[in-house]
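Reader: I am new to this structure. Please take me through a close look at one helix and what surrounds it.

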Amino acid sequence: MRICGIDLKANNTILSVMDTNEDDDIVVYIDMKTKKITLEDDENQDDVRSYCNDLLIFLKQNNIQKIAIKKRAKKGNFAGGAVTFKMEGLIQLNPHCAAELISSQSIGAYEKKNIVDFPKELKKYQEHSYKAALASIK
């Protein structure tokens with residue numbers, strides 16, 4: 001199964017893609033050329049359409065079968081901004097694959113039980129999206 005982990009920061013959708021076998025024993029990171037998709041102006045309809053189209057093209061061209069989105073808090077100090085919630089809604093509406101929200105607690109629990117070795121090709125800013133994808137597998 002091909003899984004895309006997503007971390008939403010400001011107006012960026014940060015992507016990490018991995019393949020798993022049927023038993024989810026072996027996880028292989030796939031170093032994609034596209035590592036993030038940006039929503040330029042969330043108040044401009046053309047920009048929102050462009051973002052949505054770019055995302056759909058990415059999902060289809062890379063045969064993504066599942067999306068794992070790192071969930072953001074709705075209130076409090078670490079609450080997500082309005083733009084990230086808009087982006088999250090667009091991702092969830094994609095017709096190509098299922099999208100699952102992964103809480104920070106689930107990611108933390110996964111990290112306590114497993115050693116997370118980051119691939120050398122993975123950029124530092126992709127680590128959260130990578131961990132969200134890993135946590136969605138187990």
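Author: The chain holds four helices and six strands. This is a predicted model. Along the sequence, the order is β-β-β-β-α-β-α-β-α-α. The last element in that pattern is a helix, and helix α4 spans residues 127-137. That helix is the part to look at closely.

How much of helix α4 is covered? Most of it: ten of its eleven residues are buried. Start with Glu127, Ser129 and Tyr130, which are buried in α4. Lys131, Ala132 and Ala133 are buried too. So are Leu134, Ala135, Ser136 and Ile137. A residue counts as buried when its relative accessible area is under 20%.

What do the buried residues of α4 pack against? Strands are part of the answer: β1, β2, β3 (27-30), β5 and β6. A helix also takes part, namely α3 (104-113).

Take the α3 side. Tyr110 sits in helix α3. Its relative accessible area is 12%, so Tyr110 is buried. Leaving out residues up to four places away in sequence, Tyr110 touches Val116, Leu134, Ala135 and Lys138. Two of these names are familiar: Leu134 and Ala135 are among the buried residues of α4. Ile30 gives another reference point for Tyr110. The two residues are 80 apart along the chain, and their C-alpha atoms are separated by 21 Å.

Now take the β2 side. Thr20 lies in strand β2. Thr20 counts as buried because its relative accessibility is 9%. Again leaving out residues up to four places away in sequence, Thr20 touches Met1, Ile3, Ile26, Val27 and Ile137. Ile137 is one of the buried residues of α4.

Compare this with helix α2, residues 82-92. There, Thr84, Met87, Glu88, Leu90 and Ile91 are buried. They lie on the same side of α2, because they cover an arc of only 165° around the axis. Their cover includes the strands β1 (2-9), β2 (12-20), β5 (66-70) and β6 (98-102). Helix α1 (45-61) is also part of that cover. Strands β1, β2, β5 and β6 appear among the partners of the buried residues of α4 as well.

Two loops deserve a glance. Ala10 is in the loop between β1 and β2. Its phi is near 55°, a positive value in a residue other than glycine. Ala10 counts as exposed, because its relative accessibility is 57%. Asn63 is in the loop between α1 and β5. Phi of Asn63 is near 50°, also positive in a residue other than glycine.

Step back to the whole chain. Of the 138 residues, 43% are buried. Take the contacts between residues at least 6 apart in sequence: 63% of them join residues at least 24 apart. A compact globule with 138 residues would have a radius of gyration near 14 Å, and the chain agrees, with 14 Å. Along the principal axes, the C-alpha atoms fill a box of roughly 45 × 35 × 25 Å.

Last, the surface and the charges. The chain exposes about 8,100 Å², and carbon and sulfur atoms supply 47% of that area. There are 21 positive and 20 negative side chains. The centres of these two sets lie 4 Å apart.

Notes:
Residues are numbered from 1 along each chain as its sequence is written. This is a predicted model: local features need pLDDT of at least 70, side-chain atom pairs count only at pLDDT 80 or more; totals for chains, interfaces and linings use all residues. Side-chain values use heavy atoms; hydrogens and water are left out. The radius of gyration is taken over C-alpha atoms; the globule rule is 2.2 Å times the number of residues to the power 0.38. Buried means under 20% relative accessible area, exposed over 50%, partly exposed in between (1.4 Å probe, protein chains only). Contact means heavy atoms within 4.5 Å. Accessible areas come from the Shrake-Rupley method with a 1.4 Å probe; for residues, only the protein chains shown count as cover. Lys and Arg count as positive and Asp and Glu as negative; His and the chain ends are not counted. The place of a charge is taken as NZ of Lys, CZ of Arg, CG of Asp or CD of Glu. The arc is that of the directions from the helix axis to the C-beta atoms.
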